[in-house]
Amino acid sequence: MTAEVGQPQRALKVAGAPPHRVHLSSDLHVGAGEFVVIAGPCAVESAEQVDRAATAVRAGGAHALRGGVFKPRTSPYSFQGMGEPGLKILAHAAKRHRMPIVSEVMDASQLPLMLDYVDVLQIGARNMQNFSLLRAVSKVDRPVLLKRGLAATLEEWLLAAEYILDGGNTQVVLCERGIRTFEPALRNTLDLGGVAWLKQRCKLPILVDPSHATGESTLVTPMVLAAAAAGADGVMVEVHPHPENALCDGHQALTPEMFQDMMKLLPAVLKAVGKTLFGAPQPLRVGA
Ligand code: PEP
Ligand code: MN
């Protein structure tokens with residue numbers, strides 16, 4: 001891909017440039033060879049639910065806590081999220097468990113509130129081409145996790161990232177969350193080929209969300225391992241203390257036990273591709 005007018009320019013890798021490191025908080029960054037794990041419930045439902053989820057994911061080794069308080073639901077009659085009371089719950093749990101917060105902003109009008117509580121602003125799949133929202137987050141001093149749209153090409157996704165970069169915010173992380181294809185067996189089709197393709201061309205860190213990509217909790221761990229092998233810089237997974245009672249996306253939520261089992265399997269795959277979990281001791285180099 002050449003840097004012609006209308007094509008992504010800033011997101012593309014400059015030959016010889018170092019990897020683009022994005023700070024998710026003062027002591028957590030992504031994109032420099034270490035693998036980051038973001039975990040937590042789809043939606044904030046109660047203080048107890050978030051605290052149990054945060055306790056479990058922190059114990060398992062997660063680096064950041066996710067949880068939605070503004071939920072983009074297909075049906076207007078589904079649970080829409082708790083709004084500001086949910087942000088207070090998240091902030092309390094994040095402080096108690098010492099993890100930064102990732103949460104979705106659905107509209108530019110929510111930004112002032114979100115900036116009071118959230119470390120990383122998520123832009124969801126349905127808003128990937130909400131250009132006024134992309135412009136709005138381009139003007140704030142906060143990292144942005146930009147999910148791939150349900151029907152977006154890789155090029156369209158990069159151009160959406162370009163809106164944020166062009167406005168002056170270079171703290172952008174991409175997140176592949178599956179695309180809609182002709183295959184109905186899974187919720188979406190996880191495009192790991194696209195992840196590997198982007199890793200060769202783009203300097204932005206790339207995460208994978210196998211929860212929304214598969215829609216099925218038993219498929220999450222295998223796809224986390226595959227994402228690590230494909231070169232992703234990290235994953236974001238949904239974890240609920242009681243998936244059967246979840247108000248949103250319970251079918252794809254890992255239980256605390258499943259999350260902890262997943263985390264035990266990750267280091268071997270990361271080692272095979274020359275990476276470690278963020279914060280894990282670096283392997284000794286012979287002769288170093
Ligand atoms: C989410 O992560 O909570 C979410 C709604 O994901 P997506 O935008 O990928 O559907
Ligand atoms: Mn969800």
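Here are three short exercises with worked solutions on this predicted model.

**Exercise 1.** Work out which residues coordinate the manganese ion (ligand 2), and where Cys-42 and Glu-238 sit along the chain.

*Solution.*
- Start at the metal: the donors are Cys-42 (SG), His-212 (NE2), Glu-238 (OE) and Asp-249 (OD), at 2.0 to 2.4 Å.
- Put them in chain order and you get the spacing C-x169-H-x25-E-x10-D.
- Now place the pair: Cys-42 lies in the loop between strand S3 (34-40) and helix H1 (47-60), while Glu-238 belongs to strand S10 (residues 234-238). They're 196 residues apart, so this pair links distant parts of the chain.
- Last check, accessibility: both Cys-42 and Glu-238 are buried.

**Exercise 2.** Is His-20 buried or exposed, and what does its side chain reach?

*Solution.*
- Locate His-20 in the segment before strand S1 (22-25).
- Its relative accessible area is 17%. Buried means under 20%, so His-20 counts as buried.
- Follow the side chain of His-20: it reaches the backbone oxygen of Thr-170 at 2.6 Å.
- Leaving out residues up to four places away in sequence, His-20 touches Val-30, Gly-31, Thr-170, Lys-203, Leu-204 and Pro-205.

**Exercise 3.** Describe how helix H4 (residues 131-138) and helix H5 (residues 154-166) pack.

*Solution.*
- Geometry comes up front: the angle is about 40°, and the axes are 7 Å apart.
- For handedness, H4 passes H5 in a right-handed crossing.
- On the H4 side, the contact uses Phe-131, Leu-134, Arg-135, Val-137 and Ser-138; H5 brings Ala-160, Tyr-163, Ile-164 and Asp-166.
- Sort those contact residues by type and you have 6 nonpolar, 1 polar and 2 charged.

Methods: Residues numbered from 1 in each chain as written. Chains lettered and ligands numbered in written order. Predicted model: local features only at pLDDT ≥ 70, side-chain atom pairs only at ≥ 80, totals over all residues. Heavy atoms only, no water. Donors = N, O, S within 2.8 Å, 3.2 Å for Na, K, Ca; no water. Helix = DSSP H or I, 4+ residues; strand = E, 2+ residues; numbered from the N terminus. Buried < 20%, exposed > 50% of the residue type's maximum accessible area, 1.4 Å probe, protein only. Polar contact = N/O pair within 3.5 Å; in protein donor to acceptor, adjacent residues only side chain to side chain. Contact = heavy atoms within 4.5 Å. Axes fitted to C-alpha atoms, helices over the stretch in contact; angles between N-to-C directions. Left-handed = near helix turned anticlockwise from the far one by under 90°. Nonpolar A, V, L, I, M, F, W, Y, C, P; charged D, E, K, R; others polar.
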